[in-house]
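Visitor: I should like to learn how to read a structure of this kind. May we go through its features one at a time?

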There are 4 protein chains.
Amino acid sequence: MWEKKAEWPLIGLAVVFLVAYAVPIVWPDVSPQTAVLCEVLITTTWVLFGVDYVGRLLLSADRRGFVRHNLFDLAILVLPMLRPLRLLRLLTLLRVLDRTTADGLRGRVVTYAVGATSLLILVGGLAITDTERGVDGSTIEHVGDGIWWAVVTMTTVGYGDEYPVTATGRCVAVVLMAMGITLLGVVTATLASWLTDQVAEMGEEDGAATRAEVRELRDEIRSLRAELTAAGAAPPAGEGGAAEGQR
Amino acid sequence: MWEKKAEWPLIGLAVVFLVAYAVPIVWPDVSPQTAVLCEVLITTTWVLFGVDYVGRLLLSADRRGFVRHNLFDLAILVLPMLRPLRLLRLLTLLRVLDRTTADGLRGRVVTYAVGATSLLILVGGLAITDTERGVDGSTIEHVGDGIWWAVVTMTTVGYGDEYPVTATGRCVAVVLMAMGITLLGVVTATLASWLTDQVAEMGEEDGAATRAEVRELRDEIRSLRAELTAAGAAPPAGEGGAAEGQR
Amino acid sequence: MWEKKAEWPLIGLAVVFLVAYAVPIVWPDVSPQTAVLCEVLITTTWVLFGVDYVGRLLLSADRRGFVRHNLFDLAILVLPMLRPLRLLRLLTLLRVLDRTTADGLRGRVVTYAVGATSLLILVGGLAITDTERGVDGSTIEHVGDGIWWAVVTMTTVGYGDEYPVTATGRCVAVVLMAMGITLLGVVTATLASWLTDQVAEMGEEDGAATRAEVRELRDEIRSLRAELTAAGAAPPAGEGGAAEGQR
Amino acid sequence: MWEKKAEWPLIGLAVVFLVAYAVPIVWPDVSPQTAVLCEVLITTTWVLFGVDYVGRLLLSADRRGFVRHNLFDLAILVLPMLRPLRLLRLLTLLRVLDRTTADGLRGRVVTYAVGATSLLILVGGLAITDTERGVDGSTIEHVGDGIWWAVVTMTTVGYGDEYPVTATGRCVAVVLMAMGITLLGVVTATLASWLTDQVAEMGEEDGAATRAEVRELRDEIRSLRAELTAAGAAPPAGEGGAAEGQR
């Protein structure tokens, strides 16, 4: 119940967090007031995410099990380094897309892959710009560079015109690379599944023939049986009844 | 009817556009007259593409639906930045290839993939040279560099000897990368589908055996039935007839 | 028997070897005593791995066959260049994971892939740092750089901010690249297999119907038979017995 | 007959060509005599490949068809730029491997992929060194660099520490990249096929059950038939005979 009711407010919180997180990264020279406002908003959303976590913990029957199954949520809350991952909550937005596009499993897999990829590129680009800007040896200066780097990394192209030099930046890169490999796998698997289906459709008649033959067999047996009943019922009437009883 | 009749003229237009678009990129120091001629040709093809769009719009029963389903066509017409994408109309040329190579779905998928890849590398190479040449920090100076960059990007190799530095160039790169990942997926899926079929063929005898057994069963039942009819027909002739009627 | 008993001690040895191999690479300026201790531990584990190899050789029935099937083990023992590969024995640790995660073949494949990838990145990062540090033209100076390079190589991103310049380093890179391609294949294959299953589940009812029909046929024949027996048994009792004998 | 008899001599020729092609690339400062010898050997093998082509052409029934189906062979003979591709004849050597490793289709696919990859890396490395060495802006100076570049290219890692700068070198690169993508596809497809089979094996019992049920049905019908014959044969002997005749 809590989870149902909290779903939309939490998505709203994630959007607020995204804006408050993005603004000082996109415009590094905002007025001090705006910077403070963003900080306040980030802290507020953090507190509210914490309230949600504690709420779900208190309402769960098996609290030890809850903590064990939600270690990732806990890590995102407690470790400031993992802060950008709070945006992953936006992935629940994709469930809305699910409702609109209803053309089979493959369509849903593709929708999810495209949505998750876009979100990861956006978040990865913001996070890397936040981490690397102004660091010695780094070439990532603007959000544009950061998002370009995220695309180049996720597609495993890796030109090398921009690359992270800090430990935090490299952790962001590892996440993007892992997701990039998975994305490639999803694209290929979807195509392979589609192609296999198309090829199978052409060879379908064989299986259909077998099924038709089984049906034909059944009809043959039924008519055989009807004849048998007719033949058996006539000479000694009692025996046909016995057979019916035995059946 | 419009679409059928307009198909070949539109392919011709796309070829004219390709030439007029390519010439000033391949030879940057053409005579001013040639440059003007190319500009005129590009504008003319643009107008004619627009006429085709409006014509299809007016002839369609559901005009709102037409606009909604052809947003991509509209974007290519209206946004000058997407101009190179008008060449995608050349992909319809691949339908001609379809007719010549008739060896199964996989053959057609491979033909389409090779055709689309070649076209994308050509168009991508032209577009990136057009966009990046002379820009500060860019290393793409000739069409040869541009096409080489397109190949390196689509195969996700990404040496980093050439890479786009402008926003437009990076958009071209994103399209090529997305297509490159899809290409990789198509190659893998086709190979997987072929391999699965080859492996399945070896295990085929099992299924064939079952089908043979079903056929054998049917024959057995039929002969059984013939015997039954023969046996039943002899003692009381009328009953056999009753059975036939009941069937 | 030897192999069963030696399994855990050998894993222990591999861990000791890992620590003794890693320490002087991670902290290049350890005290001379520690460096000597590490050397001693590496030599000791090497001797014990050799004892294991000789023991297995002496206990095997077909000694020539043993040598032929364990050329890789021999190479790791004899060639000092392949020393880091001794750590591959740690892969047997993954068998422990097998016991805990019992959710199907795909789960086990993923577990194995993640475990092997992590181990390879760790070992590859250590080996490349050991090989390349201080070499002219190399940019890999710390273990952090080495592990970052291993990740960038295995995911086939290849920024080019760090790359091996020595022959040994390039051999390490080739192993990582080959494993990276295999990893990508494993991820894709697992996803494809999962997706194929999900899609197949939806088309399942057809096959189930056939099976149901076959079962129905069987029941029909059985009841037919019961009737026949009843009909045949009544008029001449002896003949039914003859039929039973003939069966 | 010509093709059968010429197979081994042509493989021998390809090996001679490989050595004569490789020697001046690996040791750029060989004595002039050796260089001349290599030139002579390359010309001789070229003449003999030409003799083979003409021989096959003269012996073929449909000469126009032969030329059309062997355009690739002709191109390799006539264009000096494609000279290294003559080594592709060594791929026929892999047929020998076919005989030794007889463990199924997947084993053969993997053998072929590994063999073709090794040969391509060797030939690609030699060809790029031949083409790029001494060219302005190129960093490929030794065969070691060339082979390292070939590996980095085929695995699509693409660090960018070495890359071709000449048109010929870039053509070599395109071939290697195309093969690299195919290699990746082969690895993935083989893994996917293997995994699908493993998963299918677990669901096998269902299909086996159906087959068993069909077999059971057959036995049931046979015994039913035997009983019928026995029952029918006893009362009126002539009718059983009539049934046999009708069958």
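Visitor: Is A:Phe66 buried or exposed?

Guide: The general idea is to look at relative accessibility; buried means under 20%. The model before us is predicted, and in it A:Phe66 has a relative accessibility of 9%, so this residue counts as buried.

Visitor: How does A:Tyr53 count, as buried or exposed?

Guide: The reasoning is the one just used. A:Tyr53 counts as buried because its relative accessibility is 6%.

Visitor: How many aromatic pairs are there over all chains?

Guide: The general idea is that two rings pair if their centres lie within 6.5 Å. Over all chains, the count is 16 aromatic pairs. One of them is formed by A:Tyr53 and A:Phe66, with 5.6 Å from centre to centre and 55° between the planes, and this pair is tilted. The two residues are 13 residues apart and link distant parts of the chain: A:Tyr53 belongs to helix H2 (residues 32–59) of chain A, and A:Phe66 to helix H3 (residues 63–69) of chain A.

Visitor: What kind of aromatic pair do A:Tyr163 and C:Tyr159 form?

Guide: Planes under 30 degrees apart count as stacked, over 60 as edge-to-face, and the rest as tilted. A:Tyr163 and C:Tyr159 have 40° between their planes, so the pair is tilted; the centres are 6.4 Å apart. A:Tyr163 lies in the loop between helix H7 (143–154) and helix H8 (167–202) of chain A, while C:Tyr159 lies in the loop between helix H7 (143–154) and helix H8 (167–233) of chain C, and the pair therefore joins two chains.

Visitor: Are A:Tyr163 and C:Tyr159 buried or exposed?

Guide: A:Tyr163 is partly exposed, with a relative accessible area of 24%. C:Tyr159 has a relative accessible area of 2% and is buried.

Visitor: Which residues form one aromatic cluster?

Guide: One such cluster consists of A:Trp148, A:Tyr159 and B:Tyr163.

Visitor: What area do chain A and chain C bury between them?

Guide: The size of an interface is often given as the accessible area lost when the parts come together. Chain A and chain C bury about 3,700 Å² between them, with 71% of it on carbon and sulfur atoms. In this contact, 42 residues of chain A meet 39 residues of chain C.

Visitor: How many salt bridges are there between chain A and chain C?

Guide: The general idea is to look for a side-chain nitrogen of Lys or Arg within 4 Å of a carboxyl oxygen of Asp or Glu. Between chain A and chain C the count is 2 salt bridges. A salt bridge joins the side chains of C:Glu162 and A:Arg170, at 3.4 Å from N to O. Across this interface there are also 4 residue pairs in polar contact.

Visitor: Which elements give two or more residues to the side of chain A that touches chain C?

Guide: They are helix H6 (104–132), H7, H8, helix H9 (204–233) and helix H10 (237–246) of chain A. The largest share, 14 residues, comes from H8(A). By type, the residues of this side divide into 20 nonpolar, 11 polar and 11 charged.

Visitor: What area is buried between chain B and chain A?

Guide: The area is about 3,600 Å², and carbon and sulfur atoms give 71% of it. Chain B brings 42 residues to the contact and chain A brings 39 residues. The count here is 2 salt bridges, and the side chains of A:Glu162 and B:Arg170 meet in a salt bridge of 3.4 Å, N to O.

How values were computed:
Residues are numbered from 1 along each chain as its sequence is written. Chains are lettered from A and ligands numbered from 1 in the order in which they are written. This is a predicted model: local features need pLDDT of at least 70, side-chain atom pairs count only at pLDDT 80 or more; totals for chains, interfaces and linings use all residues. Side-chain values use heavy atoms; hydrogens and water are left out. Rings of Phe, Tyr and Trp (its six-membered ring) pair if their centres lie within 6.5 Å; planes under 30 degrees apart count as stacked, over 60 as edge-to-face and the rest as tilted. Helices (H or I, at least four residues) and strands (E, at least two) are DSSP runs, numbered from the N terminus. Buried means under 20% relative accessible area, exposed over 50%, partly exposed in between (1.4 Å probe, protein chains only). Contact means heavy atoms within 4.5 Å. Buried area is the accessible area (1.4 Å probe) that two parts lose on being put together, summed over both. A polar contact is a pair of N or O atoms within 3.5 Å; within protein, one must be able to donate a hydrogen and the other to accept it, and residues adjacent in sequence count only if both atoms are side-chain atoms. Ala, Val, Leu, Ile, Met, Phe, Trp, Tyr, Cys and Pro count as nonpolar, Asp, Glu, Lys and Arg as charged, and the others, Gly among them, as polar.
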